[in-house]
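Please open the structure in your viewer and keep the selection panel at hand, since the tour below moves from chain pairs to domains and then to a single sheet.

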Amino acid sequence: MKRYSFLELAKNAFSAHQNWGRQWRAPEPKAEYDVVIVGAGGHGLATAYYLAREHGIRNVAVIEKGWLGGGNTGRNTTIVRSNYLWEESAALYNHAIGLWQNLSQELNYNVMYSARGVMMLAHTIHDVQVSQRHIHANRLAGVQNEWLTPEQARDYCPPLNISKNIRYPVMGAALQRVGGTARHDAVAWGYARGADALGVDIIQNCAVTGIRRSQDGSVEGVETAKGFIKAGKVGVVAAGHSSVVMEMAGVRLPLESFPLQALVSEPVKPAFPCVVMSNTIHAYISQSDKGELVIGAGTDQFISYSQTGGIHISNHTIDAICELFPHFRRMRMLRNWGGIVDTTPDRSPILSKTPVPGLYVNCGWGTGGFKATPGSGHVFAHTIARDEPHPINAPFTIDRFRTGRLIDEAAAAAVAH
Amino acid sequence: MSDLPASDLITPDAGEAAILGLASVSILKAAPLTRLSFRAREASLKKAGTAFGVALPVKPLTSTTTAKRAALWMGPDEWTLLAPEEDLQAVAVGIEGKLDGEPHALVDVSDRSDAVIVTGERAAWLLNTGIFVDFSLESFPVGTVTRTLFHKSPVMIWRIGPEAFVVEAWGSFMDYVAGLLVQCAQELEAV
Amino acid sequence: MLLIYCPYCQIERAEIEFRCGGEAHIARPSDPEKATDDDWVEFLYMRSNTKGIAAERWRHIHGCGRFFNAVRDTVSDEFLKVYKTGEAKPDLEAIAREAGK
Amino acid sequence: MSQPFRTEKGGRIDRTGELTFTFDGEEMHGHAGDTLASALLANGVHLVGRSFKYHRPRGILSAGSEEPNALVGVYRKGDQTPNLRATQVELYHGLQAVSQNRFPSLGFDVGAVNDLLSPLFPAGFYYKTFMWPKSFWDRVYEPIIRAAAGLGKPPKNPDHDTYGNLYAHCDVLVAGSGPSGLAAALAAAETGARVILCDEQAEFGGSLLSENSATIDGKDPAIWVAEIVARLAAMDNVTLLPRTTAFGYFAHNFIALAERVTEHLSDPDPRLPRERLWQVRAKEVVIAAGAIERPMVFPENDRPGILLADAGRTYLNRYGVKVGHKVLVATACDTAWQAAFDLADHGVEVVAIADLRESPPESLVSIAAARGIRVEAGCVVTGTLGRKRVRAALLGRMMTSGQVAAGGQIECDALLMSGGWTPTVSLFSQSRGKVVWEAETGAFVPGKSVQKERSAGAANGLYGLQASLTDGYAAGEGAARAATGKSATINHSRTSGGEAGTGGTLGALPHDRNASRVKAFVDYQNDVTAKDVKLAVREGMQSIEHIKRYTTTGMATDQGRLSNMNALQIASGALEKPLTDVGLTTFRQPFTPTTFGLFAGVSRGDFFDPVRKTPSHDWVVEKGGLFEDVGQWKRAWYFPKNGEDMHAAVERECRTVRESVGLFDASTLGKIEVAGPDAAEFLERMYTNPWKKLAPGRCRYGLLLNDAGFITDDGVIGRLADDRFHVTTTTGGAPSVFATMEDYLQTEWPELDVWITSTTDQYAVAAIQGPKAREVIAPFIEGIDLSAEALPHMSVKEAMFRGIPCRLFRISFTGELGFEINVPRRHGKMMWETLAGEIEKHGGTAYGTEAMHVLRAEKGYIIIGQDTDGTVTPQDAGMSWAIGKNKFDFVGKRGLERPDLKAENRKQLVGLLTKDPKIKLEEGAQVTTLENPATGTPADGHVTSSYYSPALGRTIALAIVRNGHALEGKTLYVPMPEGSIPVEVTGTVFYDKEGARLNV
């Protein structure tokens, strides 16, 4: 792999950039691999990268139905944070934060991880209680998170309207300074380039059509548009399509796939310094390096694989954004798109072995998978390589839904009184 | 108010000033009313209608009225029964007596909702600023009644004339509904 | 915003009047004593999450208030059939064939 | 003369008066009917902005909404809007516009240094550098990149304008009012179908407004337009919406339109909304969005003064503006020739027509000859000169080898170009339709319809006036028939002239320049060149989506309408794959950038979400009480008196309740009337508790779980009669409890003869709590005996309150003697004021939710959502007593039997007392067994409620603690940044453990 640097860029300028090599190959699949990863999104590519790099398993293929990074990796609002409530979650996302810090250098690819801070607003007394609980729990777990008064929140994010006269005034905020954003495409491309350089075959435009199991029930390989590919271990990292792929192996999952929308404004000069989220009035927003306000909307209420959503969902998000940032009301939406988010009942992911020997699944990230990309790939690679979970992902089993040992990030925000 | 149907039931609240009074649309607060939610299975409908004084409609989204009674179809086993304010006890006792022993539920919801009367040539337009229902007379003839949403508030709409609608909302939502109707009508005054 | 036919109101209305109730025909085990943990997780959480033709529950919450079932193609979001609660689960494969899916 | 490039006559502008406007502070003049772009051009201004990345000077390119360069900021009465297309901004008197993305000025922009350094900034350069030192990315590099990026400046002040909304239904929606759109609208309208016709422009007519070389029914096209529009306007079944963009095509034929209501007015009535969102459900849609012209990709194709040929013609014919005095027309197709002819006819010197084709049609060549226009066939533009305005073009001769030979330089002050036409398939694509490649015209055209829509005219790949009209009539008739079953016969207009042209080119044009030195732009706004696209392919980007994301081509504000086809062709060449194998990007809504305010609509301030108030609201305001938001409700929070702070007010309220009496508004609690013969059976199945043996007139606390076994709600339930219960729920939980009950009732137990009715808003509820509660209510209650014997704790009776029927509950959420009176809502105010007056006599007080929380915590009563969080079982909460032991089933029963819910070591609700009675724990603080746990030690629980208790004269807390029930009397710790706080685990009831105060 030719290393990237400013010097290299300058050198190539003299040759009119004619000599840059491919960032990854376009190989034909081999007949057999040690591990096949289904899905070349950020998580799948990261899994392949860490399999090769940390576990020396280089005979790996990543099979992708479309183009790499084209699913939720390329459609999300790129927020990175780890201030989750339960210690299991905080450990997982914080593991990712640790990897984010050095990811550009590790991959020699600028993923533009920008720790500009993620601020989560509280609008009611109940919100304040929930935020404080997160902050205390995070402190004990070693996860950075702090409380801001409304004035401190406004100082951190000057466009924020902290007037007491709005419908749901801002009563404070939880700020995670190491939270921020990263460039989503670069994450997929950086991992793809890194994995490819370590010998991983990334096979795009090749749908998996079946998972073949042997007499004893264990995995033998995958049927694909390009024929059967043998592999003793198969890791499914198919996001919104996880249920569809796992059904090929007869494994049922507690998942529902919903359309999730996001949108960007036209680009403007720097107007927004951080990431702001409000769970109560349903909005999150940041500004990209290009100048677009990047806004996450909600999910539609029904299962859909259409990758589009209803306008009432974005209306609802934009009215919240305009209420919190009233001078953005005259700005304009440039582009609105949808992804398919696979959602579990407890809003925590599944990173687990399955009842089928040799079959592993990484799914259920709901609306929040991007932030976990490096950590998820890292522990999932461990799970596949050792056939046992890394301590960090050990709680994220499928079986927790049977036993009731949920990691319920949704319930923790429940409101009533 | 000349285009209101001849019904003593829905009348503007005499003590209240008009909420809105434009040439093209006006909004008046309706006077209090007896409202009963009636739930029962099909077998009991006839009796209930007899006791109430007007047959309960079985065709979806329709209403039946007499001068002092109205029965509004709300769902396949749900009707809202309207009567003058002072008839609450009489109506309740009448129906309960007639249906003694037959499964049903009769609940006084007279005070759950407030109603306004929206009339005028732009009445349907005004409702469409917040309601996603086709109010053309072909799709929504006089007498049609439905629950729906007005912006973010549940409402009930009952068309009592070609250009006259009763808009009901739960009491705690009425400030929102009436306030928004007035705000949305503002542009009709613009030059 | 979908357009949904309510079989009770017998009219099409905008999706905002409705709440989706998830996959249809998942019966709650009638005898809790006899239900195993596996039965219960199936009832509570396990979902087909079908890509294609699927039956789901809707409630006309801001209309007549009734629950009903609908068959929808989750790829195109097209509704192929709507029926009342209590009616048997239709033959989804036949519906798919008929719709040319 | 103030408008040196204005023609003598012609155009659709109103020459009777002048409008004054400013651009970058300079005063200029134009006419009504102008756009800002046409007015600027009339004043000879081409340079209007700087490009995104290289800050190159840029001029007006187009005359439509696809404009990539002429993005300006417009100021109006303190409101500022960035990034408006000058081609869409209608001129009004006093318009103030500024250019963007330049510093310090448009003429001299320091950012232009980027252009010189551009060899260092190829596509994707930022992925390859800015990584060292590590800490520099967000501190140094990123801020510099961010400051350089972006287009206009964001608005600085809150928006003063309002935005409207209208839901509409129609049989046929026609988007676009060019020849095919007008024909479709007319054909559909004549059947009686309800038709909505919208067009993004101020005037209907589309291309017909600048067409002067053809006639329709022997008339000037613009006159024909006026007649058709007048006919449509006279029909009741037609809604005409000019200045209205169909920007989104959603599922089930839902179309979103953006109507610009006041933006074109100099001084709009403030009661008018600035814009209106139309949310339309159309039975059928006709997409008549036309086609747009494609730029040619040659070196330096971006200089001010270089425009699309059809734009040049539009400015001339529609706006009476000449784009220059010496114009070069470069083309690969026939249509641009007409622009040259029209210009020549207005006395503009057309220096040459350079046609890429070896043999352009003879008919055109002879017309050019007749006008004395030099024609260069087989000729390509290989570069341009001039910085802020084009001053000359380099021509090249196409050789049979495919090479290009230098063909000299030609002076010009404007260059019109045409690479051919691209049908506007954005809406079709949004409708989820797939386009198909039509080799004959070299364009993607709409394929099979997925929704109920049809494209017509140029949007359908059909060119030529007659063809467009015919297609439009057919589309309109077909749509009306499909929507309504009705049809009508109308006369179809006949055209003369306006035939479809031939020709067109895709991709980068060949040239004889040093490829590494020149820039030929594909995406103007994002500064993407042909080289960038090739570089992306070289680096392994194979999918068009990768190329788009890597180079950002097609990601500008026109969503690639101008650039996609050229980029695709260049990628196709580089990949050595057919164009159709490279893939297509998807068009997203909105079609053109759409104001956020439009989406937000009326949802602002108090209308952001309904503000639900109780009948005591005005009284609370009057008394200076504060409110808290609980769900949509405003609940009285506390009532400070005489400058009290919250702590003092709450302490006083609590003391007063315990010592004499307090008045509390409980109206917001959810209320559900459960009625029918199976009412008790239904509650038996819903709630954990047994109900069948509860006597009428008595109440019981009910606990509601979900089927997973976790607590979701609670409330007191009173039995009014054998077949009637009055159920209360939490305030926030009311809607979901009702929905859950309906779900089980309708879908699991439809055989039960029971119905539920929400009565939350039917009753206003006043809670009177405290030793003197009975004395307070006694004067007003008629018809029942209030004594402890006749009305014990946990009972309910129907009574009269000052002549009004009420439901009187004897219940308590404070641990004191308490009553809750339910009266019909309209009497709530009277009840509240009566009682508020009465408690004064007894030294009582009104109290709010904060005091209520303290009082209930002293008694260990839980608050759902605060002391529980969706992971707590009844056993965890110490409420096993609430579970009916002999019940066959209830919601949650089986869930509770699951392994983890029965496991040891669950977290359980306990009381905590700090060793130091003055320290109040923070709610949410963690609880540990270790005094100084190392970072990363899992917590053993957390504090759920924590208050200063006036009754105990010390602080108290509730907490969820692992194995808490077994730890009573043990010491635990609450680690805080300042140090660990030791606490003792206690029971959850702190005050009046025997409950003596309740039963008086």
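Two residues are taken to be in contact if their C-beta atoms, placed from the backbone, lie within 7 Å. With that criterion in mind, and remembering that this is a predicted model, select chain A together with chain B: no contact joins these two chains, and their closest C-alpha atoms lie 10 Å apart. Now exchange chain B for chain D, because among the 5 pairs of chains that are in contact by the C-beta criterion, chains A and D share the most contacts.

Next, display chain C beside chain D, where 20 residues of chain D are in contact with 17 residues of chain C. On the chain D side, colour helix H20, residues 734-748, which contributes 6 residues to the surface touching chain C and so gives the most to it by the DSSP assignment of elements. If you then colour that same side of chain D by residue class, you will find 9 charged, 7 nonpolar and 4 polar residues.

Staying on chain D, select residues 617-887, the range that UniProt lists, in an unreviewed entry, for "domain: GCVT N-terminal". Over this range the chain is 30% strand and 27% helix, and the C-alpha atoms at its ends are 43 Å apart.

Return to chain A and make two selections: domain 1, covering 30-82 + 85-107 + 184-253 + 346-413, and domain 2, covering 118-177 + 257-343. The centres of domain 1 and domain 2 of chain A, taken over C-alpha atoms, are separated by 27 Å, and the contact takes 25 residues from domain 1 of chain A and 26 residues from domain 2 of chain A. Which elements give two or more residues to the domain 1 side of this contact in chain A? They are helix H3 (87-101) and helix H8 (242-247) of chain A, with H3(A) giving the most, at 3 residues. By class, the domain 1 side of chain A that touches domain 2 divides into 13 polar, 8 nonpolar and 4 charged residues.

Finally, isolate chain B and trace its open sheet, in which 6 strands with antiparallel pairing follow the order S1-S2-S8-S11-S10-S9. At the edges, each pairing on one side only, are strand S1 (20-21) and strand S9 (145-150) of chain B. Zoom in on strand S2 (residues 26-29) and strand S8 (residues 113-119) of chain B, which pair in the antiparallel sense over 4 bridges; there, Leu28(B) has Ile117(B) in S8(B) as its bridge partner.

Methods
Residues are numbered from 1 along each chain as its sequence is written. Chains are lettered from A and ligands numbered from 1 in the order in which they are written. This is a predicted model: local features need pLDDT of at least 70, side-chain atom pairs count only at pLDDT 80 or more; totals for chains, interfaces and linings use all residues. Ala, Val, Leu, Ile, Met, Phe, Trp, Tyr, Cys and Pro count as nonpolar, Asp, Glu, Lys and Arg as charged, and the others, Gly among them, as polar. Two strands pair if DSSP finds at least two bridges between them. UniProt positions are given in the numbering used here, feature names are shortened, and annotations may be inferred rather than shown by experiment. Domain bounds come from an automatic or database domain assignment.
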